[in-house]
Amino acid sequence: MPANQLLQRTLSFLLTNPDAATVFYANLADFIEVESLVKFIIMLLKCLRTCVDSDQANQVKKSAKMKKRRRRANEDASDEGTESNSLGSLSTANTPLMASLADTINTLWDSLGRLINKSQHKACKRVLEERFLDKDCLVDIMAHFEQKGVECLTQRGNDDGSFDECFRTCSSILDCATRLDQKFTGKVVTFVMSSLKSLSKEEATTLVPLVTSYLSFLCASGYVEDVTESLASSIELHT
């Protein structure tokens, strides 16, 4: 099946029946070869990364338009509508789909289990890890959805579930990072520690799941003492 058709079917499945999709993809490793599953994971990761890159590019375009004094307001509205329609449902604005994509990527990698570590699959494992580490892929995705989630929470409050879906995306991608060799996750660790300092200034309890996933990642990466000190300081500060 062509990659574009496979992607379309996958996105349609995630959109129309996410619960069934979760069960299906969790067991997919029992029915297809490791190499095919790795290619599938890489395709979904590329899709997620492309959505992030597209959203960032659109933000730059919109910022540039606002600086042009002679641009009329109705022209801006027309341009923005065109961008949104051209992306359709495949956009970071569709936070449920983005969260499902990230969840599926994480689920598929988890389903590989010990298979990916067998000697005959070393090449597949290397390719998978390289794609996740390529050009700060993980950091870019997490930073984008963390910012998007905080903005949704600030602007719309708890009544809008978009922030939760953005944070789910971050957590799923971070779970993937725990499967990488710690020698190559330094930038992810730096990002997480920086984010924790920034998020500590926020008072919203809805940030707790995101913060918890960050702390869990640091513990898994060997920073237990740093996490302990951070928690102790936080408890002391709020008592």
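1. A helix here is a DSSP run of H or I at least four residues long, and helices are numbered from the N terminus. With that in hand, Ser-213 is easy to place: this residue sits in helix 10, which covers residues 208–220. Please keep in mind as you read that this is a predicted model.

2. Let us start with the overall picture. The protein has 11 helices and 0 strands, so the run of elements from the N terminus reads α-α-α-α-α-α-α-α-α-α-α, given that helices and strands are assigned as DSSP runs. There are 239 residues, and 41% of them count as buried. The exposed surface comes to about 14,200 Å², with 50% of that supplied by carbon and sulfur atoms. If you take the contacts between residues at least 6 apart in sequence, 74% of them join residues at least 24 apart.

3. Back to Ser-213 for a moment. Is Ser-213 buried or exposed? Its relative accessible area is 14%, so Ser-213 counts as buried. Setting aside neighbours within four places in sequence, Ser-213 is in contact with Ser-171 and Leu-174.

4. The cysteines deserve a look. A disulfide is a covalent bond between the sulfur atoms of two cysteines. How many disulfides does the structure hold? The number is 0. Why is Cys-137 without a bond to Cys-176? Cys-176 has the cysteine sulfur closest to that of Cys-137, yet the two are 9.8 Å apart, which is too far for a bond; the cut-off is 2.5 Å. Seen from the other side, Cys-176 is in no disulfide, and its nearest cysteine sulfur is that of Cys-137. Both residues are buried: Cys-137 has a relative accessibility of 3%, and Cys-176 has a relative accessible area of 0%.

5. Cys-137 is also a good guide to its surroundings. This residue belongs to helix 7, residues 137–156. Apart from neighbours within four places in sequence, Cys-137 touches Leu-45, Arg-49, Arg-131 and Phe-132. Along the chain, Cys-137 and Lys-46 are 91 residues apart, but 9.4 Å separates their C-alpha atoms.

6. Now for the aromatic rings. The whole structure contains 7 aromatic pairs. In one of them, the rings of Tyr-25 and Phe-40 have centres 5.7 Å apart and planes at 40 degrees, so this pair is tilted. Tyr-25 is in helix 2 (residues 18–26) and Phe-40 is in helix 3 (residues 34–66), so the pair ties together parts 15 residues apart in sequence. Tyr-25 is buried at 4% relative accessibility, and Phe-40 is buried too, with a relative accessible area of 7%. Trp-109 and Phe-132 make another tilted pair, 4.7 Å from centre to centre with 50 degrees between the planes. Because Trp-109 lies in helix 5 (residues 95–112) and Phe-132 in helix 6 (residues 122–133), this pair ties together parts 23 residues apart in sequence. Trp-109 is buried with a relative accessible area of 5%, as is Phe-132 at 1% relative accessibility. You can also look for a cluster in which ring pairs link Phe-13, Phe-24, Tyr-25 and Phe-40.

7. Helix 6 is worth following from end to end. At 1.5 Å a residue, its 12 residues should span 16 Å, and the end C-alpha atoms are indeed 16 Å apart. Which residues of helix 6 are buried? Among them are Cys-124, Leu-128, Glu-129 and Phe-132. These four cover an arc of only 125 degrees around the axis, so they are on the same side of helix 6. The general background is that an α-helix has 3.6 residues a turn, so residues three or four places apart point the same way.

8. Finally, please look at the loop between helix 6 and helix 7, where you will find Lys-135 and Asp-136. Lys-135, just after helix 6, takes a positive phi of about 50 degrees, and this is a residue other than glycine. Asp-136 is not a glycine either, yet has a positive phi of about 55 degrees. How exposed is each? Lys-135 counts as exposed at 65% relative accessibility, whereas Asp-136 counts as partly exposed at 31%.

Technical notes: Residues are numbered from 1 along each chain as its sequence is written. This is a predicted model: local features need pLDDT of at least 70, side-chain atom pairs count only at pLDDT 80 or more; totals for chains, interfaces and linings use all residues. Side-chain values use heavy atoms; hydrogens and water are left out. Buried means under 20% relative accessible area, exposed over 50%, partly exposed in between (1.4 Å probe, protein chains only). Helices (H or I, at least four residues) and strands (E, at least two) are DSSP runs, numbered from the N terminus. Contact means heavy atoms within 4.5 Å. Rings of Phe, Tyr and Trp (its six-membered ring) pair if their centres lie within 6.5 Å; planes under 30 degrees apart count as stacked, over 60 as edge-to-face and the rest as tilted. The expected span of a helix is 1.5 Å times one less than its number of residues. The arc is that of the directions from the helix axis to the C-beta atoms. Accessible areas come from the Shrake-Rupley method with a 1.4 Å probe; for residues, only the protein chains shown count as cover.
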